[in-house]
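Biologist: Please put the model on screen, and then we can go through it.

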Amino acid sequence: MSRILGVEEQPKILLKNVKGIEFIELPFAFDCCGFGGTFSMKMKDISAEIVDEKVDHVISTGAQVLAGSDLTCLMNISGRLSRRGSQIKVMHLAQVLDQGGGKNAF
């Protein structure tokens with residue numbers, strides 16, 4: 001949403017207003033996850049290094065949930081987190097808003 005549509009602050013505002021969650025800014029949030037369509041297939045080694053760096057930043061936050069709005073990025077990051085044995089839950093922004101930060105949401 002940020003690169004193509006220029007939507008940057010609105011998702012953060014929404015997340016910050018969900019009761020029951022603490023918003024933690026992701027370091028280097030605008031850095032690519034390394035998926036990029038066929039890039040991840042044609043440049044597999046580079047793609048893996050990029051997503052590893054992204055996952056390092058996600059883990060460094062200490063967050064239990066990573067929320068985002070690009071499904072392919074979320075899928076790529078989720079896959080790498082899973083392969084590393086991480087318990088961080090990856091959710092689309094709409095899922096977080098739907099669950100509303102309720103007692104058992106996350």
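The turns below go from the overall fold to single residues.

Modeller: This is a predicted model, in which local features need pLDDT of at least 70 and side-chain atom pairs count only at pLDDT 80 or more, while totals for chains, interfaces and linings use all residues. Residues are numbered from 1 along each chain as its sequence is written, and side-chain values use heavy atoms, with hydrogens and water left out.

Biologist: In what order do the elements of the protein chain run from the N terminus on?

Modeller: Helices (H or I, at least four residues) and strands (E, at least two) are DSSP runs, numbered from the N terminus. The protein chain has six helices and two strands. Their order is α-α-α-α-β-α-β-α.

Biologist: Which residues of helix 5 are buried?

Modeller: Buried means under 20% relative accessible area, exposed over 50%, and partly exposed in between (1.4 Å probe, protein chains only). Helix 4, strand 1 and strand 2 (89-92) are among what covers the buried residues of helix 5, where contact means heavy atoms within 4.5 Å. Those buried residues are L74, N76, I77, G79, R80 and L81.

Biologist: How many residues make up the largest nonpolar core?

Modeller: A nonpolar core is a set of buried Ala, Val, Leu, Ile, Met, Phe, Trp, Tyr and Cys residues joined through side-chain atoms within 4.5 Å. Here the largest one includes L26, C33, V58 and L66. Helix 4 and helix 5 (71-83) each supply at least two of its residues. The count is 11 residues.

Biologist: Why is there no bond between the sulfur of C33 and the closest cysteine sulfur?

Modeller: A disulfide is a covalent bond between the sulfur atoms of two cysteines. The cut-off used is a pair of cysteine sulfur atoms within 2.5 Å, and a search of the whole structure finds zero disulfides. C33 is buried, at 3% relative accessibility. Its closest cysteine sulfur, in C73, is too far for a bond, at 3.6 Å.

Biologist: Which residues does T61 touch, not counting those up to four places away in sequence?

Modeller: T61 is found in the loop between helix 4 (44-60) and strand 1 (65-68). A polar atom of the T61 side chain lies 3.1 Å from the backbone nitrogen of A63. L26, beyond its own sequence neighbours, is in contact with K54, H57, V58, T61 and L66. For T61, the list is I24, E25, L26 and P27.

Notes. Polar contact = N/O pair within 3.5 Å; in protein donor to acceptor, adjacent residues only side chain to side chain.
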